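Student: Please look closely at one part of this model. I would like the surroundings linked to it in one continuous account.

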Amino acid sequence: MKNIFEFAAACLHSGSVDEKLALTHQAWRGLENGELSLLPASSVLPIAQVTFPDKPVLLSPREMPKRKLGTAGGVSAFFHAIAHVEFVAIYLAWDLLYRFRGLPDQFYQDWLRVADEEAQHFELIRTHLRAMHLDYGDLPAHSGLWDHAKDTEGDLLARLAMVPRCMEARGLDVTPAIIAKFKNIGDDASVALLTRILTDEVGHVERGSYWFKFVCEQQGVEPEAKYRQLIEQYYRGGKPKGPFNREMRIIAGFSDAELDWLENTTL
Ligand SMILES: [Fe+2]
Ligand SMILES: [Fe+2]
């Protein structure tokens with residue numbers, strides 16, 4: 001029987017895009033068919049050993065060329081950026097289940113499902129990009145998306161606060177307005193794609209909230225105070241900026257008190 005942690009290690013330490021996608025789907029099918037072991041296996045390698053492909057070239061946000069959605073090049077560059085977000089999201093889901101051991105089986109099942117959905121998102125966007133005569137890797141991409149993972153290598157609560165409950169939650173805030181822009185220009189394919197992704201992302205943030213509260217309870221800490229403390233400690237540049245999508249964030253497990261704090265406190 002194949003083991004989930006062996007799949008995770010293979011995905012995290014392979015620089016091949018296609019191999020990573022194939023292994024992710026294979027692992028998920030294995031889980032669905034009851035052919036995947038969740039028993040702890042093999043040691044955990046440091047996050048510094050995680051391998052990214054040679055392309056795209058990674059640049060800091062300052063070095064990234066600015067493009068506007070209003071042009072054809074702007075639309076394809078936008079989807080290239082989103083492809084990269086989804087590609088890194090595959091790593092983020094795998095790394096979460098790989099690095100943090102000893103949790104209930106449901107934790108591993110949940111994050112493997114997320115990894116598989118992120119791989120689907122990436123593939124959908126790559127197909128969309130190719131129809132615009134661009135492939136993933138043809139443009140440079142944002143280098144910062146992996147930083148929060150590196151910062152939280154040894155702290156599960158910080159990882160859950162920063163990745164699903166910050167980075168992915170940000171997607172819930174900004175995506176509806178982007179979907180509205182594509183609706184305005186009559187780009188139905190982009191609207192359908194982004195709507196599908198947004199629906200799945202609510203689920204990813206919700207799982208982040210669920211496991212954040214679960215681990216807080218295990219450790220005997222109060223989740224809302226802990227979330228605030230971790231944001232203050234790990235968020236570079238103070239605090240996530242609004243406006244926040246309250247409706248979707250509530251569905252995704254944020255409390256009104258957390259949202260009030262995000263909206264009203266300046267650090
Ligand atoms: Fe995604
Ligand atoms: Fe996600």
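Tutor: Start with the lining of the second largest cavity: 6 nonpolar, 1 polar and 1 charged residues. (Nonpolar is Ala, Val, Leu, Ile, Met, Phe, Trp, Tyr, Cys and Pro; charged is Asp, Glu, Lys and Arg; the others, Gly among them, are polar.) The model is predicted: local features need pLDDT of at least 70, side-chain atom pairs need 80 or more, and totals for chains, interfaces and linings use all residues. Residues are numbered from 1 along each chain as written, chains are lettered from A and ligands numbered from 1 in written order, and side-chain values use heavy atoms, without hydrogens or water.

The second largest cavity holds about 30 Å³. (A cavity is a set of 1 Å grid points, over protein atoms alone, where a 1.4 Å probe fits but cannot get out; lining residues have an atom within 4 Å of a point.) (Volume is the space filled by probe spheres on points joined across faces, edges and corners.) Its wall is made by Phe 52, Pro 53, Lys 55, Pro 56, Leu 58, His 84, Phe 87 and Tyr 136.

In the whole structure, 2 cavities reach 30 Å³ or more. The largest cavity has about 60 Å³. Its lining comprises Ala 89, Leu 92, Ala 93, Leu 96, Trp 111, Val 114, Glu 118, Val 163 and Glu 168. That makes 7 nonpolar, no polar and 2 charged residues. H3, H4 and H6 each bring at least two of them, with H3 giving the most, 4 residues. (Helices are DSSP runs of H or I, at least four residues; strands are E, at least two; both are numbered from the N terminus.)

Glu 118 and Glu 168 lead from that lining to a metal site. The iron ion (ligand 2) takes donors from Glu 118 (OE), Glu 168 (OE), Glu 201 (OE), Glu 201 (OE) and His 204 (ND1), at 1.9 to 2.7 Å. (Donors are N, O and S atoms within 2.8 Å of the metal, or 3.2 Å for Na, K and Ca; water is not among the atoms, so sites may look incomplete.) In sequence, these donor residues read E-x49-E-x32-E-x2-H. Glu 118 also bridges to the iron ion (ligand 1), 3.7 Å from the iron ion (ligand 2). Glu 118 sits in H4 (residues 105-131) and Glu 201 in H7 (residues 188-219), so the pair ties together parts 83 residues apart in sequence. Glu 118 is buried at 1% relative accessibility. Glu 201 is buried too, at 10%. (Buried is under 20% relative accessible area, exposed over 50%, partly exposed in between; 1.4 Å probe, protein chains only.)

H3 also matters for the largest pocket, where it supplies the most lining, 12 residues. (A pocket is an open set with protein on both sides within 12 Å along at least five of seven lines.) This pocket has about 1600 Å³. Of its 43 lining residues, Ala 81, Ile 82, Val 85, His 142 and Leu 145 are closest to its centre. H3 (72-99), strand E4 (141-142), H5 (147-151), H6 (156-184) and H7 each supply at least two. The lining splits into 25 nonpolar, 8 polar and 10 charged residues.

Arg 159 belongs to H6. It is buried, at 1% relative accessible area. Beyond four places in sequence, its contacts include Asp 95, Leu 96, Arg 99 and His 148. (Contact is heavy atoms within 4.5 Å.)
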